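Biologist: I should be grateful for a close look at a single part of this structure. Please describe that part carefully, and then connect it to the rest of the chain.

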Amino acid sequence: MAESFFSEFNKRNYFNQCTNFEELEKLINKKKIRAYIGFDCTSKSLHVGSLLQIMCLRLLQKYGHQPIVLLGGGTTRIGDPSGKEETRKILSGREIDDNIKNIEKILKIFLKEKNNSTKPIFVNNYDWLEKLKYIDFLRKIGKHFTINKMLSFDSVKLRLDREHSLSYMEFNYMILQAYDFLELNKQKKCILQIGGSDQWGNIVNGVELIKRHNNSQAYGLTTPLITLASGNKMGKTERGAVWLDKNLLSPYDYWQFWRNVDDKDVIKFLQMFTDLQLDKIQDLQNNKVDINQLKILLANQTTKMLHGESAAKNAEQTAKNTFEKKSIGSDLPIVNIKKEIAKKGVNIIDLVILSKLSTSKSEVRRIIKNRGIRLNNEIVENEKEKILISDFNKDKHAKLSHGKKKHVIIKII
RNA sequence: GGAGGGGUACCAAAGCGGUCAAAUGGGGCGGGCUGUAAACCCGUUGACUUCGGUCUUCGAAGGUUCGAAUCCUUCUCCCUCCA
C-alpha cells in the first residue's frame with residue numbers, strides 16, 4: 001500500500017482526534033491542501049513541547065502539502081487560557097515581535113523552503129487582529145475582569161444554570177483563534193488546522209465559524225499530548241525547558257536530553273521525532289538492537305535535524321569521551337580562568353558556582369559531603385580544597401563534575 | 001451584601017505560645033546497584049559560615065508577650081454556602 005499523509009501520520013502516532021476524518025482523508029489523498037498550525041509567542045524560543053507540531057508541518061511538506069505557520073502576534077497579546085491555571089503575564093508588543101523573529105528562525109531550520117508549492121507560509125495574526133481594534137481594548141480593559149468574578153454575578157449564573165450560551169469576554173481567545181482560521185481560510189484557502197489536543201476546543205470553534213460564516217468545509221486535527229513514561233510532560237525538565245535554540249540549550253545538552261529518555265519511550269520517540277523510515281524502526285525493534293544504541297540513534301537523529309550533522313557528531317563524541325573514557329569532550333561547557341588567579345588556587349566551592357554547576361554555596365557543601373563533586377574524576381573530599389595549576393593537563397584543561405552527568409571544562413587563559 | 005472555612009518551604013499537608021529552619025509524603029539533588037534507563041536502597045533538601053554560630057522565612061502590616069507560624073487588630077487573596 002502506498003504511503004499517504006494520513007497513513008504515516010497514524011503510524012507515527014501523531015493522531016489524536018479529527019473533526020471529520022473520512023472526508024478529510026479522501027480530500028487530502030486527492031489534492032494538495034494548505035494546513036496551518038499556530039504557535040504561541042510567549043517566549044523567545046520554542047521548546048521540545050512544540051516539536052510534534054513541527055513534525056506535522058514537515059510531514060505535510062513530505063506529501064506535497066503546503067504548511068502555513070501562524071505566529072500568534074495578536075493572540076499572544078491576550079494569552080490562551082486553555083489548560084493554564086494562572087493568567088500569563090502580558091508581554092509588550094516589542095517583546096512579542098522579538099520572539100516572533102526568533103521562533104520563525106527556528107522553524108525555518110526544520111522546514112524546507114526550496115519547493116515553491118510546499119514552502120511554508122508564515123503569517124502573523126496581529127496583521128488582521130490588530131485591525132479589529134479589539135486588542136487594545138482587551139489589553140487595557142479586559143485584563144481587569146476575571147471570569148471567576150463574572151461567573152459569580154447573578155445574571156451570568158442564571159444563564160449558565162439554564163444552559164444559555166455565554167459569549168464574548170470569557171471566550172475571547174477562542175473567538176480570536178477561530179477568527180484566525182477564518183482569515184486563513186479566506187486569504188490562503190487553508191482548510192485544515194492542526195494542533196495539540198489541548199487546542200481541540202479552539203480548533204472546533206474555527207471549523208464551525210468557517211461553516212457558519214463562509215458556509216464552507218474546513219477540518220481540525222489534533223495530536224496527542226505526549227507524556228513521558230515517567231508521567232511528566234514532555235519538554236520540561238527540572239532544570240528548565242528543553243529549548244530548540246542553541247543559545248538557550250547547547251547542542252550537546254539537547255543531545256543529552258534525547259540520550260537520557262526512558263527505555264519505554266525510545267521507539268515511540270524514534271517514530272515521532274525522527275525521519276527514519278517506519279519499517280526501518282520496526283527492523284531495529286525486531287532485531288533487538290541494544291537499547292543504548294537506539295538512544296544514541298535517537299539523539300543523533302534529533303540533534304542532526306535541529307543543529308546539523310556535525311553538531312550531532314560532536315555531541316556524540318563528547319558523550320563518548322566523558323562517559324565511556326571518562327576524559328574530556330570538546331562540547332562540554334568551558335569556563336575560563338585567568339592564569340594569575342589559577343596560580344593562587346581557586347576554592348572548589350567558588351569554582352562550582354563560577355561554572356554555574358550550582359547557584360548556592362550551601363548546596364555545593366552538601367554535595368561535597370555526599371561525595372558528588374569531582375575534579376578530574378577524583379572525588380573532592382574537603383570543601384576547602386583548591387584547584388591548583390597542577391590540576392590542569394598539558395592543554396590547560398581540567399574537568400569539574402557535579403554528579404555523574406554534569407561536567408564542565410575549566411580552562412586557563 | 002450575609003455566614004463560615006482557609007492562605008505554612010518547590011508542591012501537597014501537619015503544627016496552633018517556647019524543645020520550630022518547622023512533622024510527613026511527593027518532587028529535586030547527591031550516592032549505591034545498573035546501562036548516562038526503570039525499579040529499589042541510603043543520604044540530603046532556606047541562605048551565609050572562620051563549622052562555634054549568624055541571618056532571613058509560615059499571605060501583608062501593626063500589636064500583646066521575656067518569647068509568636070501559633071494570641072489580638074486591620075488589610076488582602078482564595079474556597080464553600082445563603083441572598
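Modeller: Asparagine 377 occupies the loop that runs between strand S11 (373-375) and strand S12 (378-379). The model is a predicted one, and the values that follow are computed from it. The phi angle of asparagine 377 is positive, near 70°, although this residue is not a glycine. Asparagine 377 counts as partly exposed because its relative accessibility is 35%, and the partly exposed class lies between the limits of 20% and 50%.

The side chain of asparagine 377 is joined to that of lysine 399 by a polar contact of 3.2 Å. Lysine 399 belongs to strand S14 (residues 397-402). With a relative accessible area of 2%, lysine 399 is buried, since buried means under 20%. Neighbours within four places in sequence being left aside, lysine 399 is in contact with Arg374, Leu375, Asn376 and Asn377, among others. The list of its contacts also includes Thr322, Lys326, Ser327, Ile328 and Leu332, as well as His407 and Val408.

One of these partners, lysine 326, deserves attention of its own. Lysine 326 lies 73 residues from lysine 399 along the chain, yet their C-alpha atoms are separated by 9.7 Å. Lysine 326 is placed in the loop between H15 and strand S9 (334-337). Like asparagine 377, lysine 326 is not a glycine and has a positive phi, here of about 60°.

Another partner of lysine 399, Val408, leads to the nonpolar interior. Val408 is a member of a second, separate core of 22 residues, which also includes Ala342, Val352 and Ile412. In soluble globular proteins, nonpolar side chains tend to be buried together.

The largest nonpolar core has 69 residues, and within it Trp258 and Phe273 touch the most other members. Helix H3 (residues 51-62) is the greatest contributor to this core, with eight residues. Both domain 1 (5-223) and domain 2 (250-324) provide at least three residues each to this core. The contacts of tryptophan 258, residues up to four places away in sequence not being counted, include Val48 and Leu51, together with Met234, Phe269 and Phe273. Tryptophan 258 also touches Lys295, Leu298, Ala299 and Thr302.

Met234 and Phe269 appear again around leucine 228, which touches both of them as well as Lys233 and Asp265, with residues up to four places away in sequence not counted. Leucine 228 is in the loop between strand S6 (219-223) and strand S7 (236-237). The C-alpha atoms of leucine 228 and aspartate 262 are 7.7 Å apart, while 34 residues separate the two in sequence.

Tyrosine 14 provides a further example of residues that are distant in sequence and brought together in space. Tyrosine 14 sits in the loop between helix H1 (5-11) and strand S1 (17-18). The relative accessible area of tyrosine 14 is 1%, so this residue is buried. Its C-alpha atom is separated by 9.3 Å from that of glutamine 271, a residue 257 places away along the chain. Apart from residues up to four places away in sequence, tyrosine 14 touches Gln271 and Met272, and its other contacts include Leu52, Met55, Cys56 and Leu59.

The chain also meets an RNA strand. RNA strand B is surrounded by 32 residues, of which Asn260, Asp263, Ser362, Arg365 and Arg366 are the closest. These surrounding residues comprise 16 charged, ten polar and six nonpolar ones. Helix H18 (361-369) is among the helices that supply at least two residues of this surface, and H18 gives the most, with five. Helix H15 (309-324) likewise supplies at least two residues.

Individual side chains approach different parts of the RNA. An N or O atom in the side chain of arginine 366 is 2.6 Å from a phosphate oxygen of RNA strand B. A base nitrogen is 2.7 Å from an N or O atom in the side chain of aspartate 263, and a polar side-chain atom of asparagine 292 is 3.3 Å from a base nitrogen. Of the atoms of RNA strand B that lie within 4 Å of the protein, 63% belong to sugar or phosphate, and the rest belong to bases.

To place these parts in the whole, chain A contains 18 helices and 15 strands. Of its 413 residues, 46% count as buried. Among the contacts between residues at least 6 apart in sequence, 72% join residues at least 24 apart.

Notes
Residues are numbered from 1 along each chain as its sequence is written. Chains are lettered from A and ligands numbered from 1 in the order in which they are written. This is a predicted model: local features need pLDDT of at least 70, side-chain atom pairs count only at pLDDT 80 or more; totals for chains, interfaces and linings use all residues. Side-chain values use heavy atoms; hydrogens and water are left out. A nonpolar core is a set of buried Ala, Val, Leu, Ile, Met, Phe, Trp, Tyr and Cys residues joined through side-chain atoms within 4.5 Å. Buried means under 20% relative accessible area, exposed over 50%, partly exposed in between (1.4 Å probe, protein chains only). Helices (H or I, at least four residues) and strands (E, at least two) are DSSP runs, numbered from the N terminus. Domain bounds come from an automatic or database domain assignment. Contact means heavy atoms within 4.5 Å. A residue is near a molecule or strand if one of its heavy atoms lies within 4 Å of it. A polar contact is a pair of N or O atoms within 3.5 Å; within protein, one must be able to donate a hydrogen and the other to accept it, and residues adjacent in sequence count only if both atoms are side-chain atoms. Ala, Val, Leu, Ile, Met, Phe, Trp, Tyr, Cys and Pro count as nonpolar, Asp, Glu, Lys and Arg as charged, and the others, Gly among them, as polar.
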